[in-house]
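Look through the two chains and find the empty space that their atoms leave. The paragraphs after the structure begin with a pocket and go on to the relation of the copies, the sheets and a few backbone details.

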Number of protein chains: 2
Amino acid sequence: MSPLRHAASREVCIMKKIDMHAHFFPRISQAQAAELDQVQAPWLAVNANGETGQIMKGAQPFRPVYRALWDPQLRLQEMDKHGIDLQIICATPIMFGYEFPAAKTAAWAERMNDLAMEHCAADQARLKALAQVPLQDPELACRTASQAKASGHHGVQIGSHLGARDLDDEHLVQFLIHCAQENIPVLVHPWDMMTDGRMKKWMLPWLVAMPAETQLSILSLILSGAFERIPESLKICFAHGGGSFAFLLGRVDNAWQCRDIVRADCPRRPSSYVNRFYVDSAVFDTGALRLLTEVMGADRIMLGSDHPFPLGEQNIGKLVADSPWLDSADKQRINADNALDFFNIDTEGLNNGR
Amino acid sequence: MSPLRHAASREVCIMKKIDMHAHFFPRISQAQAAELDQVQAPWLAVNANGETGQIMKGAQPFRPVYRALWDPQLRLQEMDKHGIDLQIICATPIMFGYEFPAAKTAAWAERMNDLAMEHCAADQARLKALAQVPLQDPELACRTASQAKASGHHGVQIGSHLGARDLDDEHLVQFLIHCAQENIPVLVHPWDMMTDGRMKKWMLPWLVAMPAETQLSILSLILSGAFERIPESLKICFAHGGGSFAFLLGRVDNAWQCRDIVRADCPRRPSSYVNRFYVDSAVFDTGALRLLTEVMGADRIMLGSDHPFPLGEQNIGKLVADSPWLDSADKQRINADNALDFFNIDTEGLNNGR
């Protein structure tokens, strides 16, 4: 049974829950991955039981995973279990390939994007995809993004930085301007976390550095003045509730107010830019979600789970549901309406089982 | 006029505001600093007007500063202006000297600690000091901490890490155990921020990496299981509201619940350790302070300003005052009572103008 809910009028489809932050990783062997890179390319080692496996980076295990990551049938079953009407999937960031030659990454991205569409073909009404792009070559990245949109992708996912270049890098800003002009929504996902050689245990890079990377990518756009040059039409969303951003915005505003070098390239108070981007709801704590809503507004938050990873929301949508200070209109916005707008999702098509 | 408030009984001194996070930097010349290191030691270049200056690191300007940093008379005037009864000063972290030979740093720390006491001598009732220690040599650090306590210091301040070693390093844990056994309160201050060569502008290391360093230092004690080995009597406080810790605690709890490698060395849910440490109130946003209070409890937060730096609270105590959801008992705890207990401050002595 599809959990799509139909209102009295057959023309209106009321979406209850769209999960806009979910990952996939296709079943590609080490031999197939070698086309990207013989030594370091990521691939999937599925265990004999077919249920579990490892994402591998070359010969090194990277992360234990299970079947919902590559099998859309199990994904759909889990969506049913959680009452998710529609899920938007994107690459696992280790698939980005930004560190390899751009032409190889472009071919790889096209292949991964095709595999994402294949994954979604299991139920085109309930599964949508974001494309990956060869961000190390902005021109190729723009072309890949536009092609992906034409072939049915609902936006792109990019990493929060590119080696030493943060999002204020002029080439990356040009890519974002392209996405604004072509109405291609962008999800920014942290990856390649700074650690300075520390944080070797307990997943500290995921607990400390990932949220810092996301905060850094947002502040790079704000404090550089990049948001002044990027069209307001850009739809850009940051994963994990924007990382540490919301909690530290007061510290940033105070620094902007009190230090010339903080406001050198940013003409307006940093907090005045919160209407230029979105965040997902993956913050795992009702108090944190409350602060996030105070900072961003319920119009700027979208349900996102990080499914099917263990560091994702295990009971998708429970955090929003368990927030009594959100009224039903706010919940509807966060659970579905914001994502429908952000990702240009055609609900009429959904009604027709498209 | 001293803002110390006396109640009806002469024995009772009601402290209204204790600012427990404030920095000093003594007037030391480059020649004097050369005893620590000829090239890299920090010193103070005061401008001709005597009002402003630069903290220098060798020949490089590090930060513009003003007279309240080294002149206790101006500090006391500013405390009057903000209604601060008592301020606890500590070194500016660039003074730590952890990167130099331990014996030199021990001598330097002793000198800086004497200068801190000299600064406080301007009004012994209203100014108290935390000592610095040569943390790179745990035995020397323990000895320096005990000597400093005997000479009138109210605790120690340490950096949030020591090169590649976070607070779970066994030598650093031994130092903390010593402080617990000797009833020496510890303030942990972020410094030496990870940047991976990025964050070159807009004070991003202070806005992104500093709060991440503080979160990392707290998680290092929790996830390593160090809090299980350290006596519960340890009084330890983390600056800047614990950095990103409070906002990300839900993410950490979820990771601990769902990944074996996160809970490998930590027997209990990470959030269950919040009763093992304190934080200051320097979060610059009422929503952030509200979340901080929900996570830590009003018993675990102490007014701290980062005075007299531009990234400190400019109107000391205003954030707490402007938080209507804190009742007057909570405010009293945050503004003064918690710090009186934490730093073992003898209020009777205060009454006698000690």
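Helix α6 of chain A gives the most to the lining of the second largest pocket, namely three residues. Helices (H or I, at least four residues) and strands (E, at least two) are DSSP runs numbered from the N terminus. A pocket is an open set of points, on a 1 Å grid over the protein atoms alone, with protein on both sides within 12 Å along at least five of seven lines; a cavity is a set of points where a 1.4 Å probe fits but cannot get out, and lining residues have an atom within 4 Å of a point. This is a predicted model, in which local features need pLDDT of at least 70 and side-chain atom pairs count only at pLDDT 80 or more, while totals for chains, interfaces and linings use all residues. Residues are numbered from 1 along each chain as its sequence is written, chains are lettered from A and ligands numbered from 1 in the order in which they are written, and side-chain values use heavy atoms, with hydrogens and water left out.

The second largest pocket holds about 520 Å³ of space, where a volume is the space filled by probe spheres set on the points, and grid points are joined across faces, edges and corners. Its lining has 28 residues, and A:F62, A:W191, A:D192, A:M193 and A:W206 lie nearest the centre. At least two lining residues come from each of β6 (60-66) and α6 (204-223) of chain A. The lining divides by class into 15 nonpolar, six polar and seven charged residues. In this scheme Ala, Val, Leu, Ile, Met, Phe, Trp, Tyr, Cys and Pro are nonpolar, Asp, Glu, Lys and Arg are charged, and the others, Gly among them, are polar.

The largest pocket has about 780 Å³ of space. Of the 35 residues that line this pocket, B:F62, B:R63, B:D192, B:M193 and B:W206 lie nearest its centre. The elements giving two or more residues to this lining are β6 (60-66) and α6 (204-223) of chain B. Its classes are 19 nonpolar, seven polar and nine charged residues.

How are the two chains related? A turn of 180 degrees and a shift of 0.0 Å along the axis lay chain B on chain A with an RMSD of 0.0 Å. That is the relation of a two-fold axis. The superposition is by least squares on the C-alpha atoms of residues with pLDDT of at least 70 in both copies. The copies meet through the same surface, because 100% of the interface residues of chain B are also interface residues in chain A.

Closed space is also present, with four cavities of 30 Å³ or more. The largest cavity holds about 60 Å³, and residues of both chains line it, including A:P211, A:H240, A:F284, B:F247 and B:R251. Helix α8 (residues 245-258) of chain B gives the most to this lining, with three residues.

The strand β6 of chain B, already met at the largest pocket, belongs to an open antiparallel sheet of three strands in the order β4-β5-β6; two strands pair if DSSP finds at least two bridges between them. In this sheet β4 (42-46) and β6 of chain B stand at the edges with a single partner strand each, so one side of each is left without a neighbour in the sheet. Strand β5 (residues 52-57) of chain B is joined to β6(B) by six bridges, and B:G53 has B:V65 as its bridge partner. In chain A, β5 and β6 form a hairpin with two residues between them, and A:G58 in the turn has a positive phi of about 60 degrees.

A second open sheet in chain B has five strands with parallel pairing, in the order β9-β12-β13-β14-β15. Its edges are β9 (156-159) and β15 (301-302) of chain B, each with a single partner strand, so one side of each has no neighbour in the sheet. Three bridges link β12 (residues 186-189) and β13 (residues 236-238) of chain B in the parallel sense, with B:V186 opposite B:I236.

Some backbone details remain. Most residues other than glycine have a negative phi, and most peptide bonds are trans. A:N183 is not a glycine, yet has a positive phi of about 55 degrees. The peptide bond from A:H307 to A:P308 is cis, with omega near 0 degrees, and the bond from B:H307 to B:P308 is cis, also with omega near 0 degrees.

Notes:
Contact means heavy atoms within 4.5 Å.
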